[in-house]
Amino acid sequence: MALRTLKAAILVFASGLAMHASAITQPSAEQLQAYLHKQVDTENSYFIVPILPNEISNRLAHTMLDTLWKEAAYRDNMRAWLAKNQASVMEDLLSDWHRHYHKAFTESLDLLDDDTIKLLWRLNRSNAMYAMDRQQCSTRTEAQVADIVRLEAEKLITAQAGKLAVALPNALTREFARQNNPRPGEKPDSNFVAKVAMKTLPALAKEWPEEDKKRIEGRFSYGYNPSTPQELCESIWVTSRAIYDGHVEKSAAMLSATMLRLSVTKSVYQKALAQADAPGGAMQPAVQGFTPGKAFIYYPRIFDNKNLNGSTTYKIAFDEKGIVTKVTQVAGSVKPQSLTSIDGTVFPTETMLLRIVENYFRNGSFAPTVVDGKPVPNAISLGFTWSWD
């Protein structure tokens, strides 16, 4: 059986390596912080500051990490987290920390002032379209609009990096302090904020022409699907402006543009970071007679940007009940032959792939093989082609 996809062709269980390999030597908080800096240099800044990655946002990420490290709340939180979390590959530990950090990032947004929330709203994906001439939605191609949005985002990052370098670490430090010593009533009532946001959006939409009103309300509706790139452009342009420029504040009527901005900004960053943190390549290859277990299969972070390719063949043995008893590699050639982790640990590539395949099949079962009316042990050979960009 050949498995060939693009980047997500690698197969690995989220817990797969941990089941068959000992945990790495646990890094200190100082070491983990150094690896985070290294990731910014070797990958990009998005996992620290989730805005358009470029040279300026990379410098901003380094500044944020340095600023955070000066704060005891951040250091204490990282040390407490390290005491409870382990992994068998440093990239996996870093990915777990990213998820923890990203939760703190989104929770810290309620500690920011409205001007910073407005800035983050415009920096989220296509909302930099705010500064674009609306007519360009119909006079430019989809690719040209994307270039304009990127340019506007870069201009905004350049102009506001100094503000973000102060505001974001300050809010994160306060959030880590809240995590370290949680107290009832410290955070806004999320249900109340959501109710106010739901009432405020249509109130703001009413200030626009009927077609734009529909676009604004539809942007946050389930199943929203613009029919053309031009319509999508129009919808993003109108919605970005309606939310950014909204000014209604009527507490008695439960209307607040400020709360709406906080709610939608928090929501879009939660969604974007969840997508960034999701394991890649989730899939379950179809093998005749095999019933997969509950676990999905993913590609691990250590395989990122390694340009692995090749093929392997495995012998999979199972008993008379169909339970897998042994998985061995019988042939194959994969390049590169080894993978070097961010902490310098070297892993044989074929050994890692064997663990991945074995873990997948041990989590499921085969239909029993019946000979002369009796179930008997059996074994099959399966070939995998590994190829992705």
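Biologist: A disulfide joins Cys-137 to Cys-233 in this model. What makes the link of Cys-137 and Cys-233 a disulfide?

Modeller: The model is a predicted one. In it the two sulfur atoms of Cys-137 and Cys-233 are 2.0 Å apart. The cut-off asks for cysteine sulfur atoms within 2.5 Å, so the pair is called a disulfide. The search of the whole structure finds one disulfide.

Biologist: Which parts of the chain does this pair link?

Modeller: Cys-137 lies in helix α7 (residues 136-139) and Cys-233 in helix α11 (residues 229-245), 96 residues apart. The angle about the S-S bond is -70°, and the link is left-handed.

Biologist: Why is Cys-137 called buried?

Modeller: Its relative accessible area is 4%. Buried means under 20%, so Cys-137 meets the definition. Cys-233, also with a relative accessible area of 4%, is buried as well.

Biologist: How do you know that Lys-266 and Glu-107 form a salt bridge?

Modeller: The closest N and O atoms of Lys-266 and Glu-107 are 3.6 Å apart. A salt bridge requires a side-chain nitrogen of Lys or Arg within 4 Å of a carboxyl oxygen of Asp or Glu, so this pair qualifies. The pair links distant parts of the chain, for Lys-266 is in helix α12 (residues 257-277) and Glu-107 in helix α5, 159 residues apart. Lys-266 is buried, with a relative accessible area of 18%, and Glu-107 is buried at 16%.

Biologist: What makes Arg-178 and Asp-110 a salt bridge, and which parts does the pair tie together?

Modeller: Their N to O distance is 3.3 Å, and the cut-off is within 4 Å, so the name applies. Arg-178 lies in helix α8 and Asp-110 in the loop between α5 and α6 (114-123), so the pair ties together parts that are 68 residues apart in sequence. Arg-178 is buried at 9%, and Asp-110 counts as buried at 18%.

Biologist: Is Asp-114, which forms a salt bridge with Arg-261, buried or partly exposed?

Modeller: Asp-114 has 23% relative accessibility and counts as partly exposed. Buried requires under 20% and exposed over 50%, so a value of 23% falls in between. Its partner Arg-261 is buried, with a relative accessible area of 3%. The closest N and O atoms of Asp-114 and Arg-261 are 2.9 Å apart. Asp-114 lies in helix α6 and Arg-261 in helix α12, so the pair ties together parts 147 residues apart in sequence.

Biologist: How many salt bridges does the search of the whole structure find, and which residues are linked in a network?

Modeller: The search finds 18 salt bridges. Glu-107, Asp-110, Glu-175, Arg-178, Lys-187 and Lys-266 are linked in a network of them.

Biologist: How do you know that the span of helix α4 is close to the expected one?

Modeller: Helix α4 (residues 72-84) has 13 residues and reaches 19 Å from its first C-alpha to its last. The expected span at 1.5 Å a residue is 18 Å, and the two values are close.

Biologist: Why are the buried residues of α4 said to line one face of the helix?

Modeller: The buried residues of α4 are Ala-73, Tyr-74, Asn-77, Met-78, Trp-81 and Leu-82. Seen down the axis of α4, they fall within an arc of 160°, so they line one face. An α-helix has 3.6 residues a turn, so residues three or four places apart point the same way. What covers the buried residues of α4 includes α2 (29-42), α3 (55-69), α5 (90-107) and α8 (142-180).

Definitions and conventions
Residues are numbered from 1 along each chain as its sequence is written. This is a predicted model: local features need pLDDT of at least 70, side-chain atom pairs count only at pLDDT 80 or more; totals for chains, interfaces and linings use all residues. Side-chain values use heavy atoms; hydrogens and water are left out. Helices (H or I, at least four residues) and strands (E, at least two) are DSSP runs, numbered from the N terminus. The expected span of a helix is 1.5 Å times one less than its number of residues. Buried means under 20% relative accessible area, exposed over 50%, partly exposed in between (1.4 Å probe, protein chains only). The arc is that of the directions from the helix axis to the C-beta atoms. Contact means heavy atoms within 4.5 Å.
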